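Here is a short briefing to read alongside the sequence and the coordinates. Have your viewer ready, and let's walk through it topic by topic.

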Number of protein chains: 2
Amino acid sequence: MSNTQTLAVYGLGAMGFGMAVSLLRAGHVVHGYDLNADAVRRFVEQGGAQGLGDPAALDAVVVCVLNAAQTEEVLFGPDGIVAGLRPGTVVLGCATVSPDIARDMAARCAATEVHYLDAPISGGMARAAQGDLAILASGPAEAFDQAAPVLEATASTVHNMGAEIGLGSAMKAVNQILAGVHIATMAEALTFGMTQGIAPDRFLDVIRQCAGTSWMLENRAPHIVAGDYTPTSSVNIWPKDLGIALDIADAASFPVPMTAAALAQFKAAAGMGLGGEDDAAVAKVYARAAGLTLPGEQT
Amino acid sequence: MSNTQTLAVYGLGAMGFGMAVSLLRAGHVVHGYDLNADAVRRFVEQGGAQGLGDPAALDAVVVCVLNAAQTEEVLFGPDGIVAGLRPGTVVLGCATVSPDIARDMAARCAATEVHYLDAPISGGMARAAQGDLAILASGPAEAFDQAAPVLEATASTVHNMGAEIGLGSAMKAVNQILAGVHIATMAEALTFGMTQGIAPDRFLDVIRQCAGTSWMLENRAPHIVAGDYTPTSSVNIWPKDLGIALDIADAASFPVPMTAAALAQFKAAAGMGLGGEDDAAVAKVYARAAGLTLPGEQT
């Protein structure tokens, strides 16, 4: 295949693993990095390249770690990879970070003529594994061009937000504000209904046909109805992502009371030890405050 | 038509007028009442029955006024209609009220063997005019039976929430919590995006394809993009409806922080003199706080 690229994926968590496997499926040589040796072993079993390889051989680096600190570490830390990349390589920053962080990473990559694409992802674990993500990307044309094979293999939709680094991360923050508030509000409305004698399954049946519905409600309320909090996306994502949104808003002196209220609910859920559960478990914050028994819970 | 009924509709505002016209279209004799003589005149022009008629001739009374106080006034005030109704007539309570109010109205109707259907409506002005509402109804089988011709002519979907009066109103409150929070959060996310350089039309294009979307976002964000705040549903609805939800929650000692945060934003909008504008005008609360210029506004 003439188009075969040599790639590295940093972070083999749910999303990064899915992206890395999608890149393998497209015929690329993919090196996978993760602090979790077990994740690396599973990736090699899927056909991932053995070992770290030569940074100078890479065409693109996908950074799919948890946050800004990890992004900086893998790019510019003591063992940071950017120093070893050849000019013209592209780094795709896929973690949810603030626009300021994205701009800083891009500027530092530019110092060695490495392109940076501000490329946060959306769509969840299942879509990551299928190469079916939505990517909210911004950056110069050269960064998009160099990243094209990666984008093609991992995303069904690439929203090009413009040439300016930071617009991709800003759009991700916008989406996370809406998604996080919608999950918390679904939990609030569902449990409020329970206090009035409306069962969760009835709530879902009716609301999905009413003006009060949302994408997140239809995706997450079934987890509460089933009493299944196996994480597809965990509670712990939200204190992080809504915290980033709040930081951006603070820097702009912009009040975001809905975001702040949702952040408080997810922090309460994490504080109750639910951080590793599916984010629909924010309903337990409401249920415990009111002595309600959710489906699947012991009475 | 053997099934022709003699009906009364109290309240010929946007929703009541649409319901009354739908009932006329179905072949019923419909008396329309409103304090606004102009609304009554327009209804008579559409074929509405002249004058108040004989309450004892009525098969059903649709109460589509603004709130609990008006509902009580038209049913049990000095000129209240219930005293003149014959046993077996049904009253449909369509205003958004608390479950407690619905239970009180039903109990007082029962004293003269008048049925009561707790029947709040959802769907907006355009659907009301088309007989295409969703009705969230609860009440005994006899109330549903007697109300059947009205429900058939006005609603495409009747959610039977059960025999217990109050469940319909509770479900309406659940829907209003979600819908109100979703409108306020749409406004927050859209204006937050503007502070980061994302134009409102771009926000809408991208978010409607992402996990952050909601029914209300897709319905209301276009009003902001177009700069058109002609009310389809006004800001003033929300301090009332979210206030009812908060009252219900308070009575149940149940905390609803998302609802409270949205209520504060709509109260701020009303306080800024925007009460009569489309509810998407809650975006102006955010825009003015941050010096943003929304589409269609003077710079």
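Strand 7 (residues 133-137) of chain B runs parallel to strand 8 of chain B, and 5 bridges join the two. One of the pairs to look up is B:L133, whose bridge partner in strand 8 of chain B is B:A155. Please keep in mind that this is a predicted model.

**The sheet in chain B**
- These strands belong to an open sheet of 3 strands in chain B, with the order 6-7-8 and mixed pairing.
- At the edges lie strand 6 (121-122) and strand 8 (155-160) of chain B, each of which pairs on one side only.

**Two domains in chain A**
- The domain assignment splits chain A into domain 1 (6-164) and domain 2 (170-290).
- Taken over C-alpha atoms, the centres of domain 1 and domain 2 of chain A are 28 Å apart.
- Contacts between these domains of chain A involve 12 residues of domain 1 and 12 residues of domain 2.
- On the domain 1 side of chain A, helix 5 (124-129) and strand 8 each supply at least two of the touching residues.
- That side of domain 1 of chain A has 6 nonpolar and 6 polar residues, with no charged ones.

**Where the chains meet**
- Between the chains, 53 residues of chain A are in contact with 53 residues of chain B.
- Several elements of chain A each supply at least two residues to the side that touches chain B, among them strand 7 (133-138), strand 8 (155-162), helix 8 (200-207) and helix 11 (257-274).
- Which helix of chain A gives the most to this side? With 17 residues, helix 7 of chain A does.
- The side of chain A that touches chain B divides into 35 nonpolar, 16 polar and 2 charged residues.

**Symmetry**
- A turn of 180 degrees with a shift of 0.0 Å along the axis lays chain A on chain B with an RMSD of 0.0 Å.
- The two copies are therefore related as by a two-fold rotation axis.
- Both copies use the same surface, as 100% of the contact residues of chain A recur in chain B.
- Of the residues of chain A, A:S214 comes closest to the rotation axis, with its C-alpha at 1.9 Å.

**The nonpolar core**
- The largest nonpolar core has 228 residues, and those with the most contacts inside it are A:V9, A:V62, A:V63, B:V9, B:V62 and B:V63.
- Leaving aside neighbours within four places in sequence, A:V63 has contacts that include A:Y10, A:V74, A:L75, A:V91 and A:L92.

Notes:
Residues numbered from 1 in each chain as written. Chains lettered and ligands numbered in written order. Predicted model: local features only at pLDDT ≥ 70, side-chain atom pairs only at ≥ 80, totals over all residues. Contact = placed C-beta atoms within 7 Å. Helix = DSSP H or I, 4+ residues; strand = E, 2+ residues; numbered from the N terminus. Nonpolar A, V, L, I, M, F, W, Y, C, P; charged D, E, K, R; others polar. Core = buried A, V, L, I, M, F, W, Y, C linked by C-beta atoms within 7 Å. Buried ≥ 20, exposed ≤ 12 C-beta atoms within 10 Å, placed from the backbone. Least-squares fit on C-alpha atoms with pLDDT ≥ 70 in both. Domains from an automatic or database assignment. Pairing = 2+ DSSP bridges.
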